[in-house]
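Trainee: Please show me how to read a metal site in a model.

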Amino acid sequence: MLLHINATTPLHSKSKFPFLFSLSFSTTSSSSSSRRAAAASMSYDKQLAAAKKAASVAARLCQKVQKSLLQSDVQSKSDKSPVTVADYGSQAIVSFILEKELASIPSLVAEEDSGDLRKEESRETLHRITELVNDTIAGDGTIDVSPLSDEDVLTAIDNGKSEGGPHGQHWVLDPIDGTKGFLRGDQYAIALALLDEGKVVLGVLACPNLPLTSIAGSNLNSSEDKAGCLFFAEVGAGTYMQSLDGSLPTKVHVSTTENPEEASFFESFEAAHSSHDLSSLIATKLGVKAPPVRIDSQAKYGALSRGDGAIYLRFPRRGYIEKIWDHAAGYIVVAEAGGVVTDAGGKPLDFSKGRYLDLDTGIIVTNEKLMPALLKAVRESIGEKASSL
Ligand SMILES: Nc1ncnc2c1ncn2[C@@H]1O[C@H](COP(=O)(O)O)[C@@H](OP(=O)(O)O)[C@H]1O
Ligand SMILES: [Mg+2]
Ligand SMILES: [Mg+2]
Ligand SMILES: [Mg+2]
């Protein structure tokens, strides 16, 4: 179990408060304490500050686009998933700001590439992206740079071609996770994480449409609450949330409920991304009473990290291979808030294998107390489904 300070504790650097960290070490489980021990001598504070800035500025670009979303902003990639000027713009901004803040070209594993944008018919779209990137950077007022050219934007996007892997440091970026939610006007996230020697050591999730207060039991679409959350986590230092417009961070913690009857669960809005039938069977077996909360993107990990729900279930169709940028930031945000993220067989996720995750059947997330019962329900439900085929 992690040391939970309280919900209004501002973030302090671990170097300034060694006392808090020795306390935190003494109360952790053995698997997380070895993770912490490995990272104890490392501080990623500088990278975390750069990541928070990059994700926040990218979120502003996305918010601008979502407001004035035009059908012509939507293109189709070869895999038919929608990709918008905001996906490209967000990737260019994050790549550019990381490079500027850290004074070196980052190794970046990111979802988008510039292939389609370099085609003659994309010339107008590219101009529009460059304009958006420059307007957003100028609007921020803290980034000292002359306007970027179309070529600068293409180069920044293409920095995301790294293959990642088990050695060295690699940034992992999903410039807009939940593009379908973004296009619908619903939830999406800018998800940025850092791998060091194959382990996720920090993560930032910007969720522009996620209410600052709990979404437990609420109808997200009719929520009048103020929205825009920035979750961030550094290995060994816990998870914090602040508003995207810059409030003081508060420490967050996953739900500690042991009772499945009190637990609600998150899953993809899109049934094509995760089997709603299987999750319903699992929830029934486990004794969950509440209906599923269906939202797009890694906003699910963010909401879970602050206890809005207790379980996240993800079961893609057979043969689908998960990408590391769809989970790296969300994983550490939940893990540092005291949660457990595994594949459907209970194995930890391995982010060291390159751009893809090699895992068994699906991804499940909950707290340490509920995990054994959840794993049992998952195993039985998958068995039942298989035998009924
Ligand atoms: N058939 C499929 N099964 C599972 N995940 C899929 C999928 N097709 C796309 N995805 C991934 O699901 C992500 C969105 O997850 P969620 O369903 O939780 O909102 C997408 O991220 P992008 O929107 O960044 O492309 C995409 O990578
Ligand atoms: Mg995509
Ligand atoms: Mg994604
Ligand atoms: Mg994406």
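Mentor: Start with aspartate 177, which counts as buried at 8% relative accessibility; buried means under 20% relative accessible area, exposed over 50%, partly exposed in between (1.4 Å probe, protein chains only). This is a predicted model, where local features need pLDDT of at least 70, side-chain atom pairs count only at pLDDT 80 or more, and totals for chains, interfaces and linings use all residues. Residues are numbered from 1 along each chain as its sequence is written, chains are lettered from A and ligands numbered from 1 in the order in which they are written, and side-chain values use heavy atoms, with hydrogens and water left out.

Trainee: Which residues are the protein donors of the magnesium ion (ligand 3)?

Mentor: Donors are N, O and S atoms within 2.8 Å of the metal (3.2 Å for Na, K and Ca); water is not among the atoms, so sites may look incomplete. Here Asp174, Asp177 and Asp326 each donate through OD, at 1.9 to 2.1 Å from the magnesium ion (ligand 3). Their spacing in sequence is D-x2-D-x148-D. Aspartate 174 in strand β4 and aspartate 326 in the loop between β12 and α10 are 152 residues apart; strands (E, at least two residues) and helices (H or I, at least four) are DSSP runs, numbered from the N terminus.

Trainee: Is aspartate 326 buried or exposed?

Mentor: Aspartate 326 is buried, at 13% relative accessible area. Leaving aside neighbours within four places in sequence, its contacts (heavy atoms within 4.5 Å) include Asp174, Asp177 and Gln298.

Trainee: How far apart are the magnesium ion (ligand 3) and the magnesium ion (ligand 2)?

Mentor: The two ions are 5.2 Å apart.
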